[in-house]
Amino acid sequence: MGSWRAAAACQDVDPDLFFPVGVGPSALSQAEEAKEVCRGCPVREECLRWAMDDSRQVTGVWGGLTENERRSLHRRERRRADERR
């Protein structure tokens, strides 16, 4: 993992917070709580890039985005790249 990790707002937070189980109200609430930690993080962008590009994380909240949000962002980025060609 990158050196950005040492500056992450989540380093003293229980990692389980960032991996909600299920899709019900409690999982959604947990994901929102994790995203709140990310909102104030000074290395949010680095975390997101690491999760999307370097390690291709498929679960959890990384850089303030859930797995579904990251997939959606990846599709948008891919479409923009295709449009530029």
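In the predicted model, Cys41 has a relative accessible area of 16% and is therefore buried. Cys41 takes part in no disulfide, and the nearest cysteine sulfur, that of Cys10, lies 6.1 Å away. A disulfide would require the two sulfur atoms to be within 2.5 Å. Cys38 is likewise without a partner: the closest cysteine sulfur to its own is that of Cys47, at 6.2 Å, which is too far for a bond. With a relative accessibility of 10%, Cys38 counts as buried, because the cut-off for a buried residue is under 20%. The number of disulfides in the structure is zero.

Cys38 belongs to helix 1, where it is buried along with Ala27, Ala31, Ala34 and Lys35. These residues lie on the same side of helix 1, because the arc they cover around the axis is only 100 degrees. Pro25 and Ser26, on the other side of helix 1, are exposed. The cover over the buried residues of helix 1 includes two further helices, helix 2 (44–54) and helix 3 (67–84).

The length of helix 1 was also examined. Helix 1 comprises 15 residues, from 25 to 39. At 1.5 Å a residue, a span of 21 Å is expected, and the C-alpha atoms at its ends are 21 Å apart, so the two values agree. The expected span is 1.5 Å times one less than the number of residues.

How values were computed:
Residues numbered from 1 in each chain as written. Predicted model: local features only at pLDDT ≥ 70, side-chain atom pairs only at ≥ 80, totals over all residues. Heavy atoms only, no water. Helix = DSSP H or I, 4+ residues; strand = E, 2+ residues; numbered from the N terminus. Buried < 20%, exposed > 50% of the residue type's maximum accessible area, 1.4 Å probe, protein only. Arc of directions from axis to C-beta. Contact = heavy atoms within 4.5 Å.
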